[in-house]
Amino acid sequence: QRLQQFAHQAASIVEYLVRDHPGRRAMGAFLTDRLARSHPEAAFLRHFGRDELALLDDWRGWVASRGIGPHLPPSSQHREAIVGRVLPVLRDPGASLEDRILALRSWAVEGHAIGAEGVIPLLDEPGTIPKEEAIWALRMVSGMTWGDEPGRWRDWYKGLPDDCRNASELIGGDLSA
């Protein structure tokens, strides 16, 4: 979970830094600066005009100003992968715990809400997939921080457009089972 979160945050910081032409030039100059290898803080300050703490504050503000954005339906290719390969492993009690956790994480990284009706019940099922894994996955997909409150997650999911949910209809079964 931490590695996945770190990777997404690092990509977001790079996106923030290179969002305009001067930022792209500064990033290129920083990456080729020999001083950056031995004195990265000084090189960063020279190329970006601020230290890493100021960068993190500015980045957090930029992320917060963007909001969580709309939930969009997955492309047909992503929908097929989620519904055809990821969700069946997630809901298969005969699959190994490791495979089920990997399926859950794959679902979360895709970032599409379709299939959340199969994840939310994991908050009520002690002894299956660890609750922390389900909470992390739901947070990744939704942008919300509702912890282990299944009712709030269900309300969120019900409020999404139909084309962003209803995976159980597509695979012909109840994902909460």
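**Exercise 1.** In this predicted model, decide whether Trp156 is buried or exposed.

*Solution.* Start with the value: Trp156 has 9% relative accessibility. Then apply the cut-off: buried means under 20% relative accessible area. Trp156 therefore counts as buried.

**Exercise 2.** Classify the ring pair of Trp153 and Trp156, and place the two residues in the chain.

*Solution.* Take the distance: the ring centres of Trp153 and Trp156 are 6.1 Å apart. Rings pair if their centres lie within 6.5 Å. Take the angle next: the planes of Trp153 and Trp156 stand at 90°, so this pair is edge-to-face. Now locate the residues. Trp153 and Trp156 sit three residues apart in helix 10 (residues 150–158), which separates them by about one helical turn. Check burial too: Trp153 has a relative accessible area of 0% and is buried. Finally, widen the view: one aromatic cluster is formed by Trp146, Trp153, Trp156 and Tyr157.

**Exercise 3.** How many aromatic pairs does the model hold, and what kind of pair do Phe30 and Phe44 make?

*Solution.* The count comes to seven aromatic pairs. For Phe30 and Phe44, the ring centres are 5.7 Å apart and the planes lie at 85°. Planes over 60 degrees apart count as edge-to-face, so the Phe30 and Phe44 pair is edge-to-face. Place the partners: Phe30 is in helix 2 (residues 21–32) and Phe44 in helix 4 (residues 40–48). The two are 14 residues apart, and the pair links distant parts of the chain. Phe30 and Phe44 are both buried.

**Exercise 4.** Which parts of the chain does the salt bridge between Asp33 and Arg46 tie together?

*Solution.* Begin with the contact: the closest N and O atoms of Asp33 and Arg46 are 2.1 Å apart. Asp33 lies in the loop between helix 2 and helix 3 (35–38), and Arg46 lies in helix 4, so the bridge ties together parts 13 residues apart in sequence. Compare the burial classes. Asp33 is buried, at a relative accessible area of 13%. Arg46 is partly exposed, at 48%.

**Exercise 5.** What does the salt bridge between Glu133 and Arg105 tie together?

*Solution.* Again, start with the atoms: the closest N and O of Glu133 and Arg105 are 2.6 Å apart. Glu133 belongs to helix 9 (residues 131–142) and Arg105 to helix 7 (residues 97–110), so this pair ties together parts that are 28 residues apart in sequence. Glu133 is buried, with a relative accessible area of 9%. Arg105 is partly exposed, with 24%. For the whole model, the count comes to seven salt bridges.

Note on methods
Residues numbered from 1 in each chain as written. Predicted model: local features only at pLDDT ≥ 70, side-chain atom pairs only at ≥ 80, totals over all residues. Heavy atoms only, no water. Phe/Tyr/Trp six-rings, centres within 6.5 Å; stacked < 30°, edge-to-face > 60°. Helix = DSSP H or I, 4+ residues; strand = E, 2+ residues; numbered from the N terminus. Buried < 20%, exposed > 50% of the residue type's maximum accessible area, 1.4 Å probe, protein only. Salt bridge = Lys/Arg side-chain N within 4 Å of Asp/Glu carboxyl O.
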